[in-house]
Amino acid sequence: MLTNLKIPLTLSLPATSKKRLLIAGTSWWLLLILIEAYAMVTTFSFSWVIALTDSVNMNLLIAAAGYITYTSLRYYQPNAKNYLYLTVWSIALAVMCTITHRYMMGWNLFPQENEYHKFLYASQIFRGLLVWFMISLIGVISWIWFFLQEQRAGEKREQDTLKLAREAELASLRQQLQPHFLFNSLNSISALAGSKPDEARKMIQQLSDFLRGTIKKDDQQVVTLAEELKHLQLYLDIEKVRFGHRLRTEIDKSEDTLYLTLPSLLLQPLVENAIKFGLYDTIGEITIRIITSTQDNQLIIRIENPFDPQTSHPKHGVGFGLSSVQRRLYLLYARNDLLSTFQIDDVFVTEVKIPQPV
Amino acid sequence: MIKVVLIDDEPLARSIVKEYLQTFPEITIAQECNDGFEGVKAIAQHKPDLVFLDIQMPKINGFEMLELIEQPPSVIFTTAFDEYAIKAFESRAIDYLLKPFSKDRFEKALQKWLQQRNQNDQKSNTQTLLTEEVRQPEERNRIVVREGSNIRIIPVHEIQYIEAYDDYVKIFTQKEMFLKKKTMSFYEKSLDGSQFVRVHRSYIMNLQQLTKIEPLEKETYVALLKSGAKVPLSKSGYVRIKSVLGL
């Protein structure tokens, strides 16, 4: 019984196809035994006992050699260039099988049957060729089988990755288009429309540009920090219309980071979190600081917001939706350590690291 | 003369209410407030007839602010929360305006309030709203109390136990005690049931503060808390605490 544990994950076969393979192989094998025995009885006039013993023994050896070939191919898939290695390997196995067969059958089985012993000796070259042919056949079939399995597993992996990426895209869209943000912005526009129509029009423009940027960007897209900050600025401008009396933002972008890259639309949800946290956890004016730097071929972005350590326990997660950003980073870089949060006195820091292509 | 107070953390959101109110000369705006703290003071000072109240605000939200007021005035909520979140008080006489709202919708709400003003007492409606479990925009992870002129925010994990005290409850933390005009059943319903258990007609206890349960008399028990305080367990309270603890 083959256990799934032994098989590398990428090559785990479905139980039904494994069973089918086993049944097909066994029937083929039994049929060969009968044909060989029949041939010996009719062509060389041996008794059925001798013919069957010879045939069963020979085919047991072939089966053992075939199993060794199958198992080694499962763990080691030679590419087309290694065919020489495969050929040598199968010839060695065939020689071993033939010699073992000869000694097993010739040792003390049927000592009176001189005709059979002659036949055993005379047929070994032909036998060797037949055995080699069988082992090679098993080898080639196994190789094709595992190659197809591998390909199927690869396709499935690719599909899964795509599916996850799509989910992340939807999740991040939901994150960006917070209805609360949208409706409050529309409410501000409604207020401005009466008293300051020019500013209302300007805010409609900003909101449209922001939404358009959010919708048209491909989630898989990589953008430069400069582009991302430009999009972020639209968001900040809108928030300043709403909270200008309390909200200050400082963006400290170092020159050498501007053309480093990051996944598009990554910063806005983080900054939105920081703004919400800062605005709703404190009273009075707040400053949101965004600081960019680079280190060890990584782009590092720090976002700082004030909070009140007396009443908030950000460690226990007071509803700060950083998890979707974390997940997105995981999908893109297969790392969970790129997003971190910590506190320095009454400042809450969100830090994100983006590995740069080498 | 009708006095109103506007409480919203966005100045533009207040300005639209101000603008819409211009067509009601009998209404004067007593004060505009940026947050719940200013709101509590303004309501105490001006005793307004009506308050326009936002829900999501700094430090304490609109519901928490109302909880701090002994005799809450009539309230019209102005909020960008979706309908689902405010369904809980849809049936109440108190109206709500979903941002952004039109002038027509605003006037309808105000007319409704003006008509009902003399018929029944709105104030008790606000009171009922607050004594019942309102679906809060956030999970209840803190309780806001008044302490003289100060407002204190107690994270729920700091609460040791809550004791009934006439129309009030006493909320005990490690070192302090706070009074709040609420019912036991309000807290039994609104606090997380896997952490806070009604162990007695007069006591709700925080399980995280429990150190041990000792027998007191036949069939009655007493719980010892980390602070050293003792809380009596009734017969049914003992059963309840055992089931929550999975014993």
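Two residues are in contact if their C-beta atoms, placed from the backbone, lie within 7 Å. The exercises below apply this criterion and others to a predicted model.

**Exercise 1. The contact of chains A and B**

Determine how many residues each chain gives to the contact, and which elements of chain A take part.

*Solution.* Step 1: under the 7 Å cut-off, chain A contributes 22 residues and chain B contributes 20 residues. Step 2: on the side of chain A that touches chain B, the elements giving two or more residues are α6 (179-195), α8 (225-243) and α9 (267-281) of chain A. Step 3: α6(A) gives the most to this side, with twelve residues. Step 4: sorted by class, this side of chain A has nine nonpolar, twelve polar and one charged residues.

**Exercise 2. The five-stranded sheet of chain A**

Establish the strand order, the edges and the helix that lies across the strands.

*Solution.* Step 1: the order in this open sheet of chain A is β2-β4-β5-β7-β6, and the pairing is mixed. Step 2: β2 (247-253) and β6 (339-344) of chain A are the edge strands, since each pairs on one side only. Step 3: from one strand to the next, the twist averages 15 degrees. Step 4: β2(A) runs parallel to β4 (residues 286-295) of chain A, and seven bridges join the two. Within this pair, A:R248 is found opposite A:T287 of β4(A). Step 5: the helix α9(A) lies across β2, β4, β5 (298-306) and β7 (347-355) of chain A, and runs at about 20 degrees to β5(A). The helix α9(A) is also among the elements on the side that touches chain B.

**Exercise 3. An open sheet and a hairpin in chain B**

Describe the sheet that contains β10(B) and β11(B), and explain why one side of each of these strands is left without a neighbour.

*Solution.* Step 1: chain B has eight helices and 15 strands. Step 2: five of the strands form an open sheet in the order β10-β9-β8-β12-β11 (chain B), with antiparallel pairing. Step 3: β10 (177-180) and β11 (196-200) of chain B stand at the edges with a single partner strand each, so one side of each has no neighbour in the sheet. Step 4: neighbouring strands are turned against each other by 20 degrees on average, direction ignored. Step 5: the partner of β11(B) is β12 (residues 203-206) of chain B, joined to it antiparallel by four bridges; here B:R198 stands opposite B:I204.

Step 6: a further antiparallel pair in chain B consists of β6 (residues 142-147) and β7 (residues 150-155), with six bridges. B:V144 stands opposite B:I153 of β7(B). The hairpin of β6(B) and β7(B) has two residues between the strands, and B:G148 takes a positive phi near 65 degrees.

**Exercise 4. Burial and nonpolar cores**

State what share of chain B is buried, and identify the residues that touch the most other members of the largest nonpolar core.

*Solution.* Step 1: of the 247 residues of chain B, 35% count as buried. Step 2: among contacts of chain B with a separation of 6 or more, 55% involve residues 24 or more positions apart. Step 3: the largest nonpolar core has 88 residues, of which A:V271 and B:V51 touch the most other members. Step 4: leaving out residues up to four places away in sequence, B:V51 touches B:V4, B:V5, B:I7, B:I43, B:P73 and B:V75. Step 5: a second, separate core has twelve residues, including A:M58, A:W132, A:M134 and A:I138.

Notes. Residues are numbered from 1 along each chain as its sequence is written. Chains are lettered from A and ligands numbered from 1 in the order in which they are written. This is a predicted model: local features need pLDDT of at least 70, side-chain atom pairs count only at pLDDT 80 or more; totals for chains, interfaces and linings use all residues. Two strands pair if DSSP finds at least two bridges between them. Axes are lines fitted to C-alpha atoms, for helices over the stretch in contact, and angles run from 0 to 180 degrees between N-to-C directions. A residue is buried if 20 or more other C-beta atoms lie within 10 Å of its own, exposed if 12 or fewer, and partly exposed in between; C-beta atoms are placed from the backbone. Ala, Val, Leu, Ile, Met, Phe, Trp, Tyr, Cys and Pro count as nonpolar, Asp, Glu, Lys and Arg as charged, and the others, Gly among them, as polar. A nonpolar core is a set of buried Ala, Val, Leu, Ile, Met, Phe, Trp, Tyr and Cys residues joined through C-beta atoms within 7 Å.
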